[in-house]
Amino acid sequence: MESNIYLIMIIALAVLAIADLVVGVSNDAVNFLNSAIGSKAISFKTIMIVASVGIACGAIFSSGMMEVARKGIFNPSEFYFDEIMFIFMAVMITDILLLDFFNTLGMPTSTTVSIVFELLGAAVAMALIKVLEAGGSASDVVEYINTTKATEIIVGILLSVVIAFSIGALVQWVSRLLLSYDFERKAKWVGAVFGGVALSAITYFIFMKGIKGTAYAGQSFDLIGGITIKDFLESKWIPIVLVNFVFWSLMSYVLTVFAKLNIYKIIIGVGTFALALAFAGNDLVNFIGVPIAAYQSYTEWSMSGQLASEFSMSILSEKVPTPTLLLFISGMIMVATLWFSKKARYVAETEINLSREGEGKERFEPNFLSRGIVRIGMGISTYTSSVMPKSLSAKVEARFQKPKIALTKDKTYEMPAFDMVRAAVNLMVAGILISVATSFKLPLSTTYVTFMVAMGTSLADRAWGAESAVYRVAGVLNVIGGWFGTAIIAFTASGIILTLINFGTGAAIAILLFVAILLLARNYISYNKKSKEIKAEDSLRRAESSSIQGVIVESAKNTANVVKRTNKIYTNAIDGLAKQNLDILKKNKKGVVKLTDEVDDLRDHIFYFIKNLDDASVGASNFYINILGSLQDMTQSLEYITKISYKHINNNHKKLKYNQIKELKEIDYKLEHIFNETQAAFENHSFDKIGAILSEKDELFALLSQKIQKQVERTRTEESSPKNTTLYFSLLLETKDLMTATMTMLELYYNEHDSSVPPATIS
């Protein structure tokens, strides 16, 4: 019976391992895909193929890394089999939920940090339980934990953040100083030397990460002085790198001059392969290390014939090779996830947007820390410029002068987030840092290294300008904060889950697994719903036309959408007040925020819209700006109406009187008629019908004035609630502002529309 329970746990851990591989790759794909995707140096399909090959190779070579899960954090000889199984189960349940949570948010986090702190949290909790049951002191817990190794891992990970950012910034600054933004027009030998440096660093990195995990690493050969390949690579790294540099410099020159290949694209392709290989080789332990250790523990225990509570796990202290078949299957699951996971691309977008050259849709809001850091940075920059000789300063500025790129008329084309020099530096520096850490046996997080290198190169490349710096710095702080959050949550959650499992055993495990499945399903449904909302047809589209008639037609769909959603939001506000339904009003607030954000996004695009105009079409800009102004006025009125409605019901104030509700519904019916007519006119491009809608303007404003007068009379004679009076007047006055903005927008369209252009040719 006891054996069956632990067999079921092994099966559950195997299923969790597969799920963890999926969520883990979704999180860590950012590490090796971003430089290639952001620079658009090679096609997306080619990027995926190269990365897939790298993952497959890295997975097979990762056997040696599995030791971290077995003995890197705790001392296995201090625990019995049943305790180890509880630790491993708690770790896997915590890990999959934690990573999926961050993936759903689109925030890259470290799978290394999560697994380390989960193992630490569960082991500490188990040790505390053992110590307290034996009547010992809490200080005895240190005997159960591999404090030396755990401290080394944690300090190494934290240091990698600062080092990666600093070196990334320095190398990018020097590279840009030497190559400038006009790097493709430089002499062929310049690109060849850069290719030699980058490719020699990346190939050494491939040797270190690839060969170290194979059986050949420990073999010695007379050809290399009778030492092992691993020792040779670590001790003779200077001559290896120098020979590599000479070889790749010559090869780069040949490929550039004779084969007419772009050396920067080759660097990006090879670098993507190298980081994908490193990710699989270094991080696979984070996903399957615990289940494999559990399986090997179960195998040893089942052959021992001892009770689970009496079988010491000192066996985990020994080096046990991981079956190659398991590594191969894991690699295939990772490759499949890379191709089919939408979350992987969502997480990747976060880093690309933070390192993007120039402006883009900013995801993070600035905070006092980001503003303070930017001010300090600007102060340092100003001081440096003042003390630097003007001639030298001018030369440096010339190297960082960004080329003017003509905006393309192809609406489907998106400019690269950054150029190939920065992409190559990202891959090269990340590869060098991981190689150095590997050779010195220093643990690090590949996520932290690749992310911070990308942020450092962005800063040095002046991608964070005055228009975007506070948003980008806020984004970086948010991601780093998430990393610390990962450690704290991982440690705490795994400890709590371990405690529940220890005291609830089988029943607790079943309940926790069920809860985990529910949470994963909920996150999946929530993410899909969010994705559909982003892609929904209701979302507004930016105008690209350069003539007034073109903008009228192109913006008609936007206007129809805004009017339709305005109609719905206004009706929901009145219905929510009438029924005192807080859920409707809360949902309404979210709808207004989404609409406001989309209109603001259109407004933020004005700069690029005007830049795209030719000299003969400048009039279109005035029309478009005025239309956006009216749309913004409409959303501001809606925002106020929804806010005061929600606040009134949320604060449990008196319900509006029957006559007040009746009058508001009367106004709502009139507005609904106008909005429906407006929506139909814009959807069908029947702009001539706008005149009939405008003719109802006086009647509508007269209706609003009549309701205001009635409320004045009620207030003087019968109204006893100041809150109701304030709410009602606010609703009427803001409705008047809403209709003023709507009518102004309709007049703009009606006056500018060329009635000689038939709808059929405009559509």
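How many salt bridges does a search of the whole structure find? The answer is 14. Before I go through a few of them, keep in mind that what's on the screen is a predicted model.

Okay, let's start with Asp 461. Asp 461 makes a salt bridge to Arg 176, and the closest N and O atoms there are 2.7 Å apart. What I like about this pair is how far apart the partners are along the chain: Asp 461 is in the loop between H16 and H17, Arg 176 is in helix H6, and 285 residues separate them. So are these two buried or exposed? Asp 461 has a relative accessible area of 0%, so we call it buried. Arg 176 also comes out at 0% relative accessibility, so Arg 176 counts as buried too.

Asp 461 has another partner. It forms a salt bridge with Arg 422, with 2.9 Å between the closest N and O atoms. Arg 422 sits in helix H15, residues 420-439, while Asp 461 is in that loop between H16 and H17, so this pair ties together parts that are 39 residues apart in sequence. Again, both Asp 461 and Arg 422 are buried.

Now a salt bridge of a more local kind. The side chains of Asp 668 and Lys 665 meet at 3.5 Å, N to O. Both residues belong to helix H22, residues 658-683, and they are 3 residues apart, about one turn of the helix. Asp 668 has a relative accessible area of 1%, so it is buried. Lys 665 is at 17%, and because the cut-off for buried is under 20%, Lys 665 counts as buried as well.

Going back to Asp 461 for a second, which residues end up in one network through shared salt-bridge partners? They are Arg 176, Asp 419, Arg 422 and Asp 461.

Next, pockets. I'll talk about the second largest one. Its space comes to about 1,200 Å³. There are 31 residues in the lining, and the ones nearest the centre are Gly 377, Met 378, Ser 381, Leu 459 and Trp 464. Where does the lining come from? The elements that each supply at least two residues are helix H6 (147-179), helix H13 (368-387), helix H14 (390-399), helix H16 (446-460) and helix H17 (469-535). H13 has the largest share, with 9 residues. You may remember H6 from a minute ago, as the helix that holds Arg 176. If you're thinking about the chemistry of that lining, it splits into 22 nonpolar, 6 polar and 3 charged residues.

Let's move out to the surface. There is a nonpolar patch made of Trp 189, Val 193, Val 197, Tyr 253, Val 254 and Phe 258, and together they have about 600 Å² of accessible area. Two elements give two or more residues to this patch: helix H7, which runs 188-211, and helix H9, which runs 237-257. H7 gives the most, with 3 residues. To pick out one member, Tyr 253 is in helix H9, and at 37% relative accessibility it counts as partly exposed.

Now some backbone oddities, for those of you who look at Ramachandran plots. Most residues other than glycine have a negative phi. Which way does Lys 40 go, positive or negative? Lys 40 has a positive phi, about 55 degrees, and it is not a glycine. You'll find Lys 40 in the loop between helix H1 (2-39) and helix H2 (44-60). With 43% relative accessibility, Lys 40 is partly exposed.

His 685 is another one, with a positive phi near 55 degrees. His 685 is in the loop between H22 and helix H23, residues 690-694. Its relative accessible area is 13%, so His 685 is buried.

One last contact before I stop. Leu 307 and Phe 81 are 226 residues apart in sequence, yet their C-alpha atoms are 8.6 Å apart in space. Leu 307 is in the loop between helix H10 (263-304) and helix H11 (324-340). At 45% relative accessibility, Leu 307 is partly exposed.

That's my tour, so over to you.

Notes:
Residues numbered from 1 in each chain as written. Predicted model: local features only at pLDDT ≥ 70, side-chain atom pairs only at ≥ 80, totals over all residues. Heavy atoms only, no water. Patch = residues over 30% accessible without salt bridge, like charges linked within 9 Å, V, L, I, M, F, W, Y side chains within 5 Å. Areas by Shrake-Rupley, 256 points an atom, 1.4 Å probe, with all protein chains shown as cover. Salt bridge = Lys/Arg side-chain N within 4 Å of Asp/Glu carboxyl O. Helix = DSSP H or I, 4+ residues; strand = E, 2+ residues; numbered from the N terminus. Buried < 20%, exposed > 50% of the residue type's maximum accessible area, 1.4 Å probe, protein only. 1 Å grid on protein atoms, 1.4 Å probe; cavity = no way out; pocket = protein on both sides within 12 Å on 5 of 7 lines; lining within 4 Å. Points joined across faces, edges and corners; volume = space filled by probe spheres on them. Nonpolar A, V, L, I, M, F, W, Y, C, P; charged D, E, K, R; others polar.
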